[in-house]
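Thanks for making the time. I have one structure for today, and I will go through it in order.

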Amino acid sequence: MLISKNRTSEKLFYALLIFPYFVQRNWIYFGSWIQAMLDIHRILTLCVLIILVIGKRIKINSYLVGVCFYMVTLLVSTIINHGPLIRCMNYICNIVAPTLFVYVLFHKDTLMCLDAMLFPMEILIYANLLTVLLFPNGMYVTVNYAGQQTRNNWLLGMDNGQAPLFLWAITVSVLRTYFITGKTKLTPRNLFLLVAILATVLICWQATIIVGMTIIVFALLFSEYFAKAKLLNIWTYFLIVAIVFALLVIFQSVGGFSYIIQTILRKDLTFSGRVMIWGKTIKAISQHPLLGYGRQDDYFMWKSVGHIHTHNMYLQTLYQGGILHFSVFIFVHLVTAKKLYKNNENVLSNALSMILFCLLIMFQVEAYAYSFWIVIFQLCYESDWLIHKRAQIANAEGIKVPRKIVLRLKSGGIGV
């Protein structure tokens, strides 16, 4: 079907609106003026999104409540600990804008929302792969607080830091295919994106995401079989993540993972120094367990844990906001899991559960400074609405719909 010029213009408008939030702050290495333009763009985007929300009838759901409290607890902790308030507000804005973008568009025009996110993501991911091929030893050098140089930086930043954007793109791609076809079967567009991501990961040998990407590829190729396996659900994945966290981070029993760490991932048994950082972080958390230390600068972090972050998202959350902030973080996990498990036998829900599992596994060895991860949770949460919206379309067209979903359609049980 042909797309009208007005429709194309609208799609381009939303794509340009969200674009700066796909780019990390590393673009300052390409020129300070480029970074300044992106910062101005981010501010304008946030203003436009707030204007779009004003006047819109706001229907708060559990996920939005969780995100609001996540931001509030972090802000309060930062203020109490006299942390860098501007840095904290910048992080919060990077959460607010993408969340509002999905909130404003997803239910209003699902395909528009997904297209507006996917198109710029694809451009950036393909361009990033090109920079990897052109600059195999890295595109530019960054220097951390301790004077250590890092060369494995490309268009989308440091190698492991690119992982959440990759997963965000895969999530959007899968949702778009399902909305159009009612299936998660890989289309040529999905396949090209997945191959570009896999090529980037393998060439750069991004150990953090290799295992997870392998799981995702199998989950998408054999989605029908995964959906039939009742034990393969989001609660099972959460249990696996909890066990890995306990063994790897709390008890630091890395010996049991020695084959994976040394042979497959080509890392030493300290996970490139992560084990020592985790030990220092746990000690620091025990001294401020309730409210944590807030969002802090690199100097403070380096003195406290020996790095600019804790290399574990769960420890990072506990460190920054204490038990209160961590509880909200877990609440976001739980409400998202509840939505996914509600449709566990659906291929989309099963595929998204696997993508989320991959993200949580990466959380064990990385603490991401950017908020890409929060939109992945949001889209997984919204999958319940999308599954039943797609079922409405199929039901109207006379296509067979599972009895469980038909009953929910008749009862009007398609809430947000």
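I will start with the chain as a whole, then take the sheet, the core, the salt bridges and a surface patch.

First, a caution: this is a predicted model. The protein chain has 17 helices and 3 strands. Of its 416 residues, 53% are buried. The accessible surface comes to about 19,100 Å², and carbon and sulfur atoms account for 68% of that. As for contacts between residues at least 6 apart in sequence, 74% of them join residues at least 24 apart.

Now the sheet. The 3 strands form an open sheet in the order 1-2-3, with antiparallel pairing. The edges are strand 1, residues 140–143, and strand 3, residues 157–158, and each of these pairs on one side only. In general, strands of a sheet pair through backbone hydrogen bonds, either parallel or antiparallel.

Strand 1 pairs with strand 2, residues 149–154, over 3 bridges in the antiparallel sense. Within that pairing, Tyr140 is opposite Asn153 of strand 2, and Thr142 has Thr150 as its bridge partner. On the other side, strand 2 and strand 3 are antiparallel over 2 bridges. There Trp154 stands opposite Gly157, and a hairpin of 2 residues connects strand 2 to strand 3.

Which side chains of strand 1 are buried? Tyr140 and Thr142 are, and they point to one face. Val141 and Val143 point to the other face and are not buried. That follows the general pattern: in a regular strand the side chains alternate between the two faces of the sheet.

Next, the core. The largest nonpolar core holds 123 residues, and those touching the most other members are Phe101, Met117, Leu167, Trp168, Ile170, Phe363 and Trp373. Helix 15, residues 347–363, gives the largest share of this core, 13 residues.

Take Ile170 as an example. Leaving out residues up to four places away in sequence, Ile170 touches Leu194, Ile197, Met213, Ile216, Leu220 and Ile355.

Helix 15 also carries a polar residue to look at, Asn350. Is Asn350 buried or exposed? Its relative accessibility is 2%, so Asn350 counts as buried, the cut-off being under 20%. With residues up to four places away in sequence again left out, Asn350 touches Phe226, Ala227, Leu232 and Asn344.

In helix 16, residues 372–396, we find Ile387. Ile387 is at 1% relative accessibility and therefore counts as buried. Its C-alpha atom is separated by 8.1 Å from that of Asn343, and the two residues are 44 apart along the chain.

On to charges. There are 8 salt bridges in the structure. I will go through three pairs and then a network.

The first pair is Asp298 with Arg87, at 3.1 Å from N to O. This links distant parts of the chain: Asp298 is in helix 13, residues 298–305, and Arg87 is in helix 4, residues 85–105, 211 residues apart. Asp298 is partly exposed at 27% relative accessible area, and Arg87 is partly exposed at 33%.

The second pair is Arg274 with Glu366, whose closest N and O atoms are 2.5 Å apart. Arg274 belongs to helix 12, residues 274–287, while Glu366 sits in the loop between helix 15 and helix 16, 92 residues apart. Here Arg274 is buried, with a relative accessible area of 6%, and Glu366 counts as buried at 7%.

The third pair is Asp384 with Lys339, with 3.6 Å between the closest N and O atoms. Asp384 is in helix 16 and Lys339 in helix 14, residues 313–342, with the two 45 residues apart. Both of these residues are buried. As for the network, Lys11, Asp115 and Arg176 are joined into one by salt bridges that share partners.

Last, the surface. Which residues form a nonpolar patch there? They are Leu239, Ile243, Leu247, Ile250 and Phe251, and together they have about 490 Å² of accessible area. Ile243 lies in helix 10, residues 234–250. With a relative accessible area of 44%, Ile243 is partly exposed.

That is the end of the walk-through.

How values were computed: Residues are numbered from 1 along each chain as its sequence is written. This is a predicted model: local features need pLDDT of at least 70, side-chain atom pairs count only at pLDDT 80 or more; totals for chains, interfaces and linings use all residues. Side-chain values use heavy atoms; hydrogens and water are left out. Patches are made of residues with over 30% relative accessible area and no salt bridge: like charges are joined within 9 Å, nonpolar side chains (Val, Leu, Ile, Met, Phe, Trp, Tyr) within 5 Å. Accessible areas come from the Shrake-Rupley method with a 1.4 Å probe; for residues, only the protein chains shown count as cover. A salt bridge is a side-chain nitrogen of Lys or Arg within 4 Å of a carboxyl oxygen of Asp or Glu. Helices (H or I, at least four residues) and strands (E, at least two) are DSSP runs, numbered from the N terminus. Buried means under 20% relative accessible area, exposed over 50%, partly exposed in between (1.4 Å probe, protein chains only). A nonpolar core is a set of buried Ala, Val, Leu, Ile, Met, Phe, Trp, Tyr and Cys residues joined through side-chain atoms within 4.5 Å. Contact means heavy atoms within 4.5 Å. Two strands pair if DSSP finds at least two bridges between them.
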